[in-house]
Amino acid sequence: ADGYFNQATQECRKCPSGSYVASPYHLKGYAEDAECKLCPAGASPDCTQFAEVPNRWENGTLHWNGADWVVNHAAEEYQLVSCSVGYQLVNMTPNGLFSHAVQECVQCGESRY
């Protein structure tokens, strides 16, 4: 979703370009853009695949462009959980820590899968 409900102001707010919110029904009511997350590397630049399009969702998993994403409710963000054959799931920084920002499916090198 590209926006959220701000309980304090009783208004729907749109996230800035290049960001999204994992659930449009947030009722936290603090800082206008607090729930908006930057699109991860493997998402489209405007995060349009996270829109609530029914035919892309199955049992809580979003299937888009050979990648499967789920909502991590604790972190309030989408998390990449699998990639198509021939692609490697990247979600760690060089020092081995999970990073929402670097999540993407990267094509494997020649003769690799």
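The dialogue below goes through how to read several features of this predicted model.

User: Which secondary structure elements does the protein chain have?

Analyst: The protein chain has 10 strands and zero helices. Read from the N terminus, the order of elements is β-β-β-β-β-β-β-β-β-β.

User: How much of the chain is buried, and what supplies the exposed area?

Analyst: Of its 113 residues, 29% count as buried. The chain exposes about 7,000 Å², and carbon and sulfur atoms supply 52% of that area. As for contacts with a separation of 6 or more, 27% come from residues 24 or more positions apart.

User: How should I read a sheet, and which strands form the open sheet here?

Analyst: Strands of a sheet pair through backbone hydrogen bonds, in a parallel or an antiparallel manner. In this model, an open sheet of four strands runs in the order S5-S6-S7-S8 with antiparallel pairing. Its edge strands are S5 (57-58) and S8, each of which pairs on one side only.

User: How many bridges join S5 and S6, and how many join S7 and S8?

Analyst: S5 and S6 (residues 61-64) are joined by two bridges, with Trp-57 having Leu-62 as its bridge partner in S6. S7 and S8 pair over six bridges, in the antiparallel sense. Val-70 stands opposite Gln-79 in S8. The hairpin of S7 and S8 has four residues between the strands, and Glu-76 there takes a positive phi near 55°.

User: Where do side chains point along a strand, and is Val-81 buried or exposed?

Analyst: In a regular strand the side chains alternate between the two faces of the sheet. For the case here, Val-81 has its place in strand S8. Val-81 counts as partly exposed, because its relative accessibility is 42%, and the buried class ends at 20%. Its C-alpha atom is 5.6 Å from that of Trp-69, 12 residues away along the chain. Leaving aside neighbours within four places in sequence, Val-81 is in contact with Asp-68, Trp-69, Val-70 and Leu-89.

User: Which residues make up the largest nonpolar core?

Analyst: The largest nonpolar core has 11 residues in all, among them Cys-39, Cys-47, Phe-50, Leu-62, Trp-69 and Leu-80. Strand S7 (67-72) and strand S8 (77-83) are the elements that give two or more residues to this core. Ala-67 is one of the core residues. Not counting residues up to four places away in sequence, Ala-67 touches Leu-62, Leu-80, Ser-82, Cys-83 and Cys-105.

User: How is an aromatic pair described, and how many are there?

Analyst: A pair of aromatic rings is described by the distance of the centres and the angle of the planes. The count here comes to one aromatic pair. The rings of Tyr-20 and Tyr-78 have centres 5.2 Å apart and planes at 45°, so the pair is tilted. Tyr-20 lies in strand S3 and Tyr-78 in strand S8, so the pair ties together parts that are 58 residues apart in sequence. Both Tyr-20 and Tyr-78 are buried.

User: What does the side chain of Ser-19 reach?

Analyst: The side chain of Ser-19 reaches the backbone oxygen of Pro-16 at 2.5 Å. Ser-19 is placed in strand S3 (residues 19-20). With a relative accessible area of 7%, Ser-19 is buried. Apart from neighbours within four places in sequence, Ser-19 is in contact with Cys-36, Lys-37, Leu-38, Cys-39 and Cys-47.

Terms used
Residues numbered from 1 in each chain as written. Predicted model: local features only at pLDDT ≥ 70, side-chain atom pairs only at ≥ 80, totals over all residues. Heavy atoms only, no water. Buried < 20%, exposed > 50% of the residue type's maximum accessible area, 1.4 Å probe, protein only. Contact = heavy atoms within 4.5 Å. Areas by Shrake-Rupley, 256 points an atom, 1.4 Å probe, with all protein chains shown as cover. Core = buried A, V, L, I, M, F, W, Y, C linked by side-chain atoms within 4.5 Å. Pairing = 2+ DSSP bridges. Polar contact = N/O pair within 3.5 Å; in protein donor to acceptor, adjacent residues only side chain to side chain. Phe/Tyr/Trp six-rings, centres within 6.5 Å; stacked < 30°, edge-to-face > 60°.
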